[in-house]
Amino acid sequence: MKIGFNRNTWALLTLLVLGALCFWVAASWNVWFYNPPEPPYAGTGPSRILLTFNDDNELHRSVTWVGSSELEAATLELVEEQTKDTVRLDAEAEVFHSRAGQRAFYRVSLKELEWDKKYLYRVTCGDSISPFYAFQTPEDKRQKYAFMYVGDIQDTLQGTVNQTLKEAFKRSPEMEFMLCTGDLAERPMDQYWDEAFHSMDSIAQAVPVLNVAGNHDYLKNIIYELEHRFALTFPYFLNSKKEDNHVYTLTYQDMQLFILDSTREFFYLPAQRAWLQEKLHESLAKWKIVVLHHPLYSVKGKYQNLMQRMAFDDIIRQYDVDVVLQGHEHAYARTTNTLKDGTQTTPIYLISHCSPKNYHIEFDERFQKFGSGSQYYQKISVDGNELTIEAFDAQTHELYDKLTLVKNLQGSKILDQGKNIKERVELGFEPVSKKEKKFSKRIEAYHQKHPERFN
């Protein structure tokens with residue numbers, strides 16, 4: 001007997017599907033498209049002063065800052081500490097318009113710096129003058145150098161990340177710059193930019209800050225928009241963009257960093273792929289590090305970030321990239337390319353964050369180490385033929401993980417010095433919601449499966 005639906009049944013099913021679709025869109029609308037109102041700008045005079053990079057030359061710097069809503073005459077005064085030689089440089093200026101109104105952004109390029117010198121500087125806007133700040137340029141052709149890598153900072157208003165970063169640089173003053181893998185601020189709004197600068201206060205003026213575009217840096221829309229104030233704050237993007245992708249490369253001694261813009265929609269990614277392939281093909285660097293916001297191998301699920309993985313991962317492997325630095329997922333995780341005999345080889349993929357927010361993750365067996373319920377920062381050091389990655393718990397500043405990549409005539413070798421350091425994987429509070437209880441059970445199962453990682 002033939003069974004079928006009559007016209008009324010089809011109409012009812014169509015209405016149910018449309019109703020479910022409307023409910024889903026309504027429930028998700030704010031997540032997809034809502035940008036909250038931005039209060040008007042407040043404050044005058046130079047503020048949010050930032051030292052950063054300028055172009056592909058490691059010795060070149062930029063200083064950026066913001067003023068009031070109107071353009072004013074602005075300068076930077078630069079003093080070489082030993083000789084007291086002083087120069088005054090006029091700033092480039094641009095008024096940025098946002099939902100908060102308008103604000104003047106300023107920047108000065110410093111391309112005449114010398115190696116191994118200490119400089120003092122201050123900036124002006126009209127009659128307002130900032131305090132003096134200081135930075136040190138490194139020695140040229142040095143065998144040893146180091147930098148800090150942090151994932152998402154994304155601090156809460158009046159948060160505590162600033163104390164963490166200050167203590168980290170106090171413990172490791174040899175770190176020459178700070179690299180952030182995006183989501184520096186919670187939202188692209190003035191009050192959250194203010195909080196981001198609070199998080200970096202006294203650090204952003206003394207060591208160059210290199211930042212990557214993350215999804216929280218974008219305004220929500222059908223096509224996401226990265227506000228122009230992002231590039232005005234980090235002006236190395238002004239000349240390095242590729243078809244509206246915020247990409248950038250920096251050669252630093254015998255290391256080269258390749259910055260990607262992983263938040264962009266899938267139809268932007270081919271241009272980034274072509275750019276990355278071109279830059280890697282041209283690179284003569286001994287150490288190659290790719291930096292992007294979204295992890296190519298996710299701890300949120302096997303099918304997360306597939307477009308980014310398809311766009312970049314084969315290129316990364318083809319050109320023997322050593323390390324991939326990532327953020328976004330608010331946990332700690334690291335994995336390597338592992339051969340059938342268990343030997344770990346490059347690339348080394350790292351996920352980290354320094355935000356007070358922790359996400360619920362999956363415990364995929366491809367990862368050799370996890371961290372949950374805390375915050376982290378990393379020191380990456382180069383010493384001749386060795387590149388060492390040390391991860392620290394940001395709450396205790398204790399060593400949490402360590403890998404050393406050794407390069408010689410026989411090839412590359414990874415020394416896993418972190419496998420015997422105890423893991424910290426916890427929820428951090430008593431679970432209440434269904435999601436929290438589910439994640440708590442996953443944590444318990446992971447502890448039972450890998451007791452050797454906790455004893």
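**Exercise 1. Helix α3 and its surroundings**

Ser202, which comes just after helix α3, takes a positive phi of about 75° in this predicted model. Work out how many residues of helix α3 are buried, and which elements the buried ones pack against.

*Solution.* Begin with the extent of the helix: α3 covers residues 190-200, and eight of these eleven residues are buried, so the helix is largely enclosed by the rest of the structure. Next, identify the buried positions, which are Asp190, Tyr192, Trp193, Glu195, Ala196, Phe197, Ser199 and Met200. Finally, look for their surroundings: the buried residues of α3 pack against the strands β1 (47-53), β6 (101-110), β11 (175-180) and β12 (209-211), as well as against the helices α2 (161-171) and α4 (228-233).

**Exercise 2. The nonpolar cores**

Determine which residues have the most contacts inside the largest nonpolar core, and which strand gives the largest share of this core.

*Solution.* The largest nonpolar core has 68 residues, and within it Met178, Leu210 and Leu325 have the most contacts. Its largest share, six residues, comes from strand β10, which spans residues 144-150. Taking Met178 as an example, and setting aside its neighbours within four places in sequence, one finds it in contact with Met148, Val150, Leu165, Phe169, Met200, Ile203, Pro208, Val209 and Leu210. Apart from the largest core lies another, of 33 residues, which includes Leu280, Leu292, Ile316 and Phe367.

**Exercise 3. Strand β22 and its partners**

Establish how strand β22 pairs with β10 and with β23, and how many bridges each pairing has.

*Solution.* Strand β22 (residues 376-383) has seven of its eight residues buried, so it is largely enclosed by the rest of the structure. Its pairing with β10 is antiparallel and extends over six bridges, with Tyr149 standing opposite Gln378 of β22. Its pairing with β23 (residues 386-393) is likewise antiparallel, through eight bridges, and here Val382 has Leu387 in β23 as its bridge partner. The last step is the connection: β22 and β23 form a hairpin with two residues between them, and Gly384 in the turn has a positive phi of about 65°.

**Exercise 4. The cysteines**

Decide whether Cys125 and Cys180 are buried or exposed, and how many disulfides the structure holds.

*Solution.* Cys125 has a relative accessible area of 1% and is therefore buried, since the cut-off for burial is under 20%. Cys180 also counts as buried, at 1% relative accessibility. The structure holds zero disulfides; for Cys180, the nearest cysteine sulfur is that of Cys354, 9.0 Å away.

Terms used. Residues numbered from 1 in each chain as written. Predicted model: local features only at pLDDT ≥ 70, side-chain atom pairs only at ≥ 80, totals over all residues. Heavy atoms only, no water. Core = buried A, V, L, I, M, F, W, Y, C linked by side-chain atoms within 4.5 Å. Buried < 20%, exposed > 50% of the residue type's maximum accessible area, 1.4 Å probe, protein only. Helix = DSSP H or I, 4+ residues; strand = E, 2+ residues; numbered from the N terminus. Contact = heavy atoms within 4.5 Å. Pairing = 2+ DSSP bridges. Disulfide = S-S within 2.5 Å.
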